Amino acid sequence: MVSIEYYILLALVMFFLGLFGALFRRNLIMVMMSIELMLNAVNLVFIAASRSLGQLDGEIMVLFVITVAACEAAIGLAMVIALFRRSGTVHTDFLRLLRG
Amino acid sequence: MLAPSQLVFHILAALISLVSLCVVVSRHPVKSAIFLVVDLFLLAAVYATMEAHFVAAIQVLVYAGAIVVLFLFVIMLLNLQADALAGFRVSVFEGVTLLASIIGMLIMAFFTLTGGSSGLGTGTWTVDAINAAGGNTMAVAVTLLQQYIWPFELASILILLAIVACIVIAKKDKPSVANPSSTLAAK
């Protein structure tokens with residue numbers, strides 16, 4: 001049996017790789033994929049904690065996280081499509097309408 | 001000497017770290033999406049080694065099967081080209097955020113490694129209790145459909161809302177509004 005610390009360390013690595021992508025990639029779709037990576041890191045911690053504590057609440061929470069992530073991906077990608085149709089790009093440097 | 005389960009975990013962890021790095025640094029979005037599928041499959045394998053069988057199945061079906069395919073559809077619909085990683089700029093805000101995050105990660109890793117091992121807790125669903133209830137899937141089903149029935153039902157409303165929102169957001173504008181040669185195009 002692997003102790004929970006290793007799972008948390010793996011999740012930390014995944015989370016910060018995802019954060020790096022979300023901060024430094026300039027493509028909106030790449031940003032969204034990095035966010036999915038971060039969500040998966042959180043799911044891993046939920047399941048590790050659930051197993052370590054002898055409770056199933058973490059696994060249930062992961063199911064809800066997956067549900068919300070699916071909704072988030074669908075709506076986010078719909079917004080990306082609408083944005084691309086309107087402005088012709090998904091490059092974040094060009095999308096600065098709200099920045100004035 | 002590592003036990004077989006530990007050896008499997010270490011191999012999977014190394015692969016997951018490597019593939020996650022590939023997801024983030026791949027220049028072409030399609031390659032990133034393919035790496036993301038591989039990453040999600042490997043995570044499902046980790047869940048399976050933790051005896052979270054139902055979540056592992058859902059991970060493969062929903063995450064790798066639906067969400068990433070949605071990403072791939074959109075990437076191909078928009079016909080995105082590989083973007084240049086070489087010329088990317090870093091603003092002060094992003095640099096400071098990343099630096100603070102890395103420091104936070106190191107502090108968290110320090111406390112994770114030096115803190116006392118919690119070991120198995122005293123929850124009601126120990127490994128023996130799960131086996132007695134008929135396996136992980138049965139135990140998850142009992143918990144989900146009894147204790148968490150209202151969040152479960154609310155999730156269906158959330159999905160319905162997401163469907164309607166997607167249709168409204170992504171449908172074409174009215175012909176009078178739509179203007180293919182928009183001056184907003186910033187190419």
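A residue counts as partly exposed when its relative accessible area lies between the limits for buried, under 20%, and exposed, over 50%. The views below come from a predicted model.

**Figure 1. Chain B is built from helices, without strands.** Chain B contains seven helices and zero strands, and its pattern along the sequence reads α-α-α-α-α-α-α. Of the 187 residues in chain B, 29% are buried. Contacts in chain B between residues at least 6 apart in sequence often span a longer stretch: 54% of them join residues at least 24 apart. The area that chain B exposes is about 11,700 Å², and carbon and sulfur atoms supply 74% of it.

**Figure 2. Chain A and chain B meet at an interface.** In this view, 70 residues of chain A are in contact with 93 residues of chain B. Between them the two chains bury about 7,300 Å², of which 75% is on carbon and sulfur atoms. Seven residue pairs are in polar contact across the interface, both residues of each pair being at pLDDT 80 or more. On the side of chain A that touches chain B, the elements giving two or more residues are α1 (4-24), α2 (28-53) and α3 (57-87) of chain A. The largest share of that side comes from α3(A), with 25 residues. By class, the side of chain A that touches chain B comprises 49 nonpolar, 11 polar and 10 charged residues.

**Figure 3. A salt bridge joins A:Arg51 and B:Glu51.** How many salt bridges does a search of the whole structure find over all chains? The search finds one. This pair crosses between chains, running from A:Arg51 in helix α2 of chain A to B:Glu51 in the loop between α2 and α3 (53-78) of chain B. The side chains meet at 3.7 Å, taken from N to O. Side chains of opposite charge can pair when their charged atoms come close. B:Glu51 has a relative accessibility of 37% and therefore counts as partly exposed.

**Figure 4. B:Ser32 lies in helix α2 of chain B and touches residues of both chains.** Helix α2 of chain B covers residues 29-49 and includes B:Ser32. Is B:Ser32 buried or exposed? B:Ser32 counts as buried because its relative accessibility is 0%, and the limit for a buried residue is under 20%. Residues up to four places away in sequence aside, B:Ser32 touches A:Met30 and A:Met33 in chain A, together with B:Cys22, B:Val23 and B:Ser26 in chain B.

**Figure 5. B:Thr143 lies in helix α6 of chain B and reaches a backbone oxygen with its side chain.** Helix α6 of chain B, residues 136-147, holds B:Thr143. With a relative accessible area of 6%, B:Thr143 is buried. Which backbone oxygen does the side chain of B:Thr143 reach? The side chain reaches the backbone oxygen of B:Ala139, at 2.8 Å. Leaving aside neighbours within four places in sequence, B:Thr143 is in contact with A:Leu56 and A:Ile60 of chain A, and with B:Trp125 and B:Tyr148 of chain B.

Terms used:
Residues numbered from 1 in each chain as written. Chains lettered and ligands numbered in written order. Heavy atoms only, no water. Helix = DSSP H or I, 4+ residues; strand = E, 2+ residues; numbered from the N terminus. Buried < 20%, exposed > 50% of the residue type's maximum accessible area, 1.4 Å probe, protein only. Contact = heavy atoms within 4.5 Å. Areas by Shrake-Rupley, 256 points an atom, 1.4 Å probe, with all protein chains shown as cover. Buried area = accessible area lost by both parts, 1.4 Å probe. Salt bridge = Lys/Arg side-chain N within 4 Å of Asp/Glu carboxyl O. Polar contact = N/O pair within 3.5 Å; in protein donor to acceptor, adjacent residues only side chain to side chain. Nonpolar A, V, L, I, M, F, W, Y, C, P; charged D, E, K, R; others polar.
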